[in-house]
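Let's walk through this structure together, one stop at a time. Please have the model open and follow along as we go.

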Amino acid sequence: QVQLVESGGGLVQPGGSLRLSCAASVSIIELYIMGWYRQAPGKQRELVAAITSGGSTTYADSVKGRFTISRDNAKNTVYLQMNNLKPEDTAIYSCNARSLTLLNYWGQGTQVTVSS
């Protein structure tokens with residue numbers, strides 16, 4: 001069983017920045033892909049960014065150029081650096097991991113609110 005713990009959410013003004021962290025209870029080398037999803041009220045959960053064990057990344061079109069996903073294997077942690085935040089970025093952000101054995105894990109989520 002893999003546990004994922006997110007941190008770093010909060011309230012920020014438009015144009016501001018936040019960095020989310022996702023700490024895994026196992027070596028993230030064992031995880032095929034890790035990513036960040038977000039869900040706003042009344043909307044489906046959407047993929048924001050993901051990174052594979054090989055370092056390949058993908059981003060939602062809405063965050064390209066503003067968000068950066070990275071991983072620190074030594075710390076078993078994945079980060080999401082969010083710059084130039086917009087009100088439409090407001091959502092609960094959840095860390096997700098997929099093992100090579102196709103098991104899927106979720107963190108508890110962290111609230112990001114972008115408002116003036």
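A good place to begin is Leu4, which lies in strand 1. Keep in mind as we go that this is a predicted model. With a relative accessible area of 5%, Leu4 is buried. Which residues does Leu4 touch, once those up to four places away in sequence are set aside? They are Cys22, Ala23, Ala24, Met34, Cys95, Asn96, Ala97, Tyr105, Trp106, Gly107 and Gln108. For a sense of distance, compare Leu4 with Phe67: the two are 63 residues apart in sequence, and their C-alpha atoms are 20 Å apart in space.

Now follow the strand that carries Leu4. Strand 1 pairs with strand 3 (residues 18-24) in the antiparallel sense, over four bridges. One of the pairs to look for is Glu6 with its bridge partner Cys22 in strand 3. Stepping back, you will find an open sheet of four strands, ordered 1-3-8-7 and paired antiparallel. Strand 1 (4-7) and strand 7 (67-72) are at its edges with a single partner strand each, so one side of each has no neighbour in the sheet. From one strand to the next, the twist averages 15 degrees.

Leu4 also leads us into the interior. The largest nonpolar core has 30 residues, and those touching the most other members are Leu4, Met34, Trp36, Leu80, Met82 and Tyr93. Two or more residues of this core come from each of strand 3, strand 4 (31-39), strand 5 (46-52), strand 7, strand 8 (77-82), strand 9 (91-99) and strand 11 (110-114). Leu80 makes a nice second viewpoint: leaving aside neighbours within four places in sequence, Leu80 is in contact with Leu18, Arg19, Leu20, Trp36, Val48, Ala49, Phe67, Thr68, Ile69 and Tyr93.

Tyr93 takes us on to strand 11, where its bridge partner is Thr110. Strand 9 and strand 11 run antiparallel and are joined by three bridges. Strand 11 also pairs with strand 2 (residues 10-12), this time in the parallel sense and over three bridges; here the bridge partner of Leu11 is Thr113. In a regular strand, side chains alternate between the two faces of the sheet. Which side chains of strand 11 point to one face and are buried? Thr110, Val112 and Val114 do, while Gln111 and Thr113 point to the other face and are not buried.

Next, turn to Thr52 in strand 5. Its relative accessibility is 16%, so Thr52 counts as buried, the cut-off being under 20%. Apart from residues up to four places away in sequence, Thr52 touches Tyr32, Ile33 and Arg71.

Two loops deserve a look at their backbone. Most residues other than glycine have a negative phi. Asn76, in the loop between strand 7 and strand 8, has a positive phi near 50 degrees. Asn84, in the loop between strand 8 and strand 9, likewise has a positive phi, near 50 degrees. With a relative accessible area of 42%, Asn84 is partly exposed.

Finally, is there empty space, and where? Rolling a probe the size of a water molecule over the atoms shows where such space is left. Across the whole structure, a search finds one cavity of 30 Å³ or more. The largest cavity has a volume of about 50 Å³, and its lining consists of Arg38, Gln39, Ala40, Lys43, Gln44, Glu46, Glu88, Thr90 and Ala91.

Terms used:
Residues numbered from 1 in each chain as written. Predicted model: local features only at pLDDT ≥ 70, side-chain atom pairs only at ≥ 80, totals over all residues. Heavy atoms only, no water. Pairing = 2+ DSSP bridges. Axes fitted to C-alpha atoms, helices over the stretch in contact; angles between N-to-C directions. Core = buried A, V, L, I, M, F, W, Y, C linked by side-chain atoms within 4.5 Å. Buried < 20%, exposed > 50% of the residue type's maximum accessible area, 1.4 Å probe, protein only. Contact = heavy atoms within 4.5 Å. 1 Å grid on protein atoms, 1.4 Å probe; cavity = no way out; pocket = protein on both sides within 12 Å on 5 of 7 lines; lining within 4 Å. Points joined across faces, edges and corners; volume = space filled by probe spheres on them.
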